[in-house]
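Here are some short exercises to work through with the sequence and the model side by side. Try each task before you read its solution.

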Amino acid sequence: SGKFYQHATTEASQATLASVSPVFAVMKLDKEGNTTYFEKKKTELYQELGLQARDLRFQHLMSIATRNNRIIMRMEFLKAVITPEFLLILDYRNLNLEHWLLNELASQLAGEGQLVTYSLPFEFRAIEAILQYRISKLQGRLNTLQPQILETLEALVDPKLLSVDRSKLHILLQNGKSLSELETDLKVFKETILEILDEEELIEELCLSKWTDPQVFEESTSGIDHAEEMELLLENYYRQAEDLANEARELRVLIDDSESIIFINLDSHRNVMMRLNLQLTMGTFSLSLFGLIGVAFGMNLESSLEEDPRIFWLVTGIMFLGSGLIWRRLLSFLGRHLEPPLPPHVPAVLKKSQPAAGRVEIKNNLKAETFGLSRSTLTNQ
């Protein structure tokens with residue numbers, strides 16, 4: 001009875017696990033671009049493909065792996081399994097990629113696109129189509145961010161502005177965050193491809209038809225090295241990702257430089273306001289100092305001076321003249337201590353021995369304006 005109860009419990013648990021197994025909405029594309037749709041449980045799918053359950057977890061942000069002559073690819077939200085005969089897209093309904101899947105991917109696999117691997121086996125076309133889509137999405141994100149960042153920086157880096165527009169700073173902050181996410185995605189893309197390029201065995205495993213099709217194997221041994229073609233394909237998209245990463249890095253450097261210029265402008269305006277405040281304080285001190293004469297005459301004490309009508313104008317003139325002289329002396333004292341020191345004298349021999357500085361061509365107009373602005377601001381400060 002105990003064995004019967006244990007057996008019944010095992011069958012019930014297996015039935016329960018089978019009922020809660022996730023169901024994949026699968027899109028299947030063959031070599032001719034024919035598309036079929038079906039739903040299948042995860043347990044049935046990985047058993048038919050000869051994979052294990054962990055191969056269909058897709059827990060990584062981006063990954064390219066091979067299992068049992070199958071290529072398993074994850075490009076952010078895109079989950080794909082490539083075989084020598086067909087391509088499977090899993091959970092295609094949740095990707096919002098219907099336009100690309102229906103209008104572009106099928107035609108590319110059928111030979112009507114702009115791929116360069118049509119003379120090679122099917123897995124080359126499938127890998128190139130997915131990598132091309134991923135690079136185009138990253139390029140589109142960069143093309144959207146670049147004009148927004150340049151326009152915002154051009155509005156912020158203006159020496160005439162006494163204050164910074166907070167709305168522009170908020171937009172710059174959001175664009176900077178999006179740029180950081182793009183840089184992270186590009187870094188993961190490059191690292192994933194570089195891991196494969198560093199291992200010759202992984203490149204060989206990506207050539208599925210080389211180990212299943214005798215004709216392809218004969219071509220590989222006769223001179224058409226499919227592993228080398230796969231390496232060139234991955235290097236091409238690695239180079240494109242590197243170019244995008246360099247453009248994103250230039251934008252990041254431009255943002256950092258512009259932030260420094262913004263802080264310099266604010267410090268310059270702040271210094272002007274502090275100097276004006278100091279000058280007015282000195283003027284108030286000078287006027288208050290000679291105002292003591294008026295305080296003395298304003299006391300209720302009698303003297304012979306209040307009977308002379310010219311004394312009022314004489315005392316008033318002395319007060320303003322003395323206040324102006326003291327204020328002038330204080331301003332000259334302030335100017336001597338705030339002026340930058342003169343540069344040291346350079347002998348003529350050293351001047352002749354110094355090489356002439358080459359001209360630097362600045363491609364970006366915003367960079368030229370930023371650097372010129374920082375130089376003039378520092379000189380004024």
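A salt bridge here is a side-chain nitrogen of Lys or Arg within 4 Å of a carboxyl oxygen of Asp or Glu. Please keep in mind that this is a predicted model.

**Exercise 1. Getting your bearings**

Task: Find how many helices and strands there are in the protein, and what share of its residues is buried.

Solution:
- Start with the elements: the protein has twelve helices and six strands.
- Next, look at burial: of the 381 residues, 34% are buried.
- Then turn to the surface, where the accessible area is about 24,600 Å² and carbon and sulfur atoms own 56% of that.
- Finally, consider contacts with a separation of 6 or more: 62% of them are between residues 24 or more positions apart.

**Exercise 2. A salt bridge between R67 and D55**

Task: Decide whether the side chains of R67 and D55 meet in a salt bridge, and say where the two residues lie.

Solution:
- Check the distance: N to O is 3.2 Å for R67 and D55, and the pair is a salt bridge, because the cut-off is 4 Å.
- Locate the partners: R67 sits in strand 3 (residues 62-67), while D55 is in the loop between helix 2 (42-49) and strand 3. The two are twelve residues apart, and the pair links distant parts of the chain.
- Compare their surroundings: R67 is partly exposed at 38% relative accessibility, whereas D55 is buried at 9%.

As a general reminder, side chains of opposite charge can pair when their charged atoms come close.

**Exercise 3. Two further pairs**

Task: For the salt bridges of R141 with D185 and K40 with E48, give the N to O distance and say which partners are buried.

Solution:
- Take R141 and D185 first: their side chains meet at 2.7 Å, N to O. The pair joins helix 4, which holds R141, to helix 5, which holds D185, across 44 residues of sequence.
- Sort this pair by accessibility: R141 is partly exposed at 27%, and D185 counts as buried at 12%.
- Move on to K40 and E48, whose closest N and O atoms are 2.8 Å apart.
- Sort again: K40 is buried because its relative accessible area, 18%, is under the 20% cut-off. E48 is exposed, with 54%.
- Put the pairs in context: the whole structure contains six salt bridges.

**Exercise 4. Around I149**

Task: Is I149 buried or exposed, and which residues beyond its sequence neighbours does it contact?

Solution:
- Place the residue: I149 belongs to helix 4 (residues 122-156).
- Read its accessibility: at 0%, I149 is buried.
- List the contacts, setting aside neighbours within four places in sequence: I149 touches N175, L179, L251 and I255.
- Add a distance: the C-alpha atoms of I149 and G176 are 8.1 Å apart, although 27 residues separate them in sequence.

**Exercise 5. Two surface patches**

Task: Work out which helix gives the most residues to the negative patch, and which residues form a nonpolar patch.

Solution:
- Pick out the acidic residues: the negative patch includes E191, E195, D198, D225 and E228.
- Assign them to elements: helix 5 (166-197), helix 6 (200-206) and helix 9 (226-297) each supply at least two residues. Helix 6 gives the most, with three.
- Look at one member: E228 lies in helix 9 and is partly exposed at 45%.
- Now the nonpolar patch: F285, L289, L292 and V295 form it, with about 390 Å² of accessible area together. F285 is in helix 9.

Notes: Residues are numbered from 1 along each chain as its sequence is written. This is a predicted model: local features need pLDDT of at least 70, side-chain atom pairs count only at pLDDT 80 or more; totals for chains, interfaces and linings use all residues. Side-chain values use heavy atoms; hydrogens and water are left out. Patches are made of residues with over 30% relative accessible area and no salt bridge: like charges are joined within 9 Å, nonpolar side chains (Val, Leu, Ile, Met, Phe, Trp, Tyr) within 5 Å. Accessible areas come from the Shrake-Rupley method with a 1.4 Å probe; for residues, only the protein chains shown count as cover. Lys and Arg count as positive and Asp and Glu as negative; His and the chain ends are not counted. The place of a charge is taken as NZ of Lys, CZ of Arg, CG of Asp or CD of Glu. Helices (H or I, at least four residues) and strands (E, at least two) are DSSP runs, numbered from the N terminus. Buried means under 20% relative accessible area, exposed over 50%, partly exposed in between (1.4 Å probe, protein chains only). Contact means heavy atoms within 4.5 Å.
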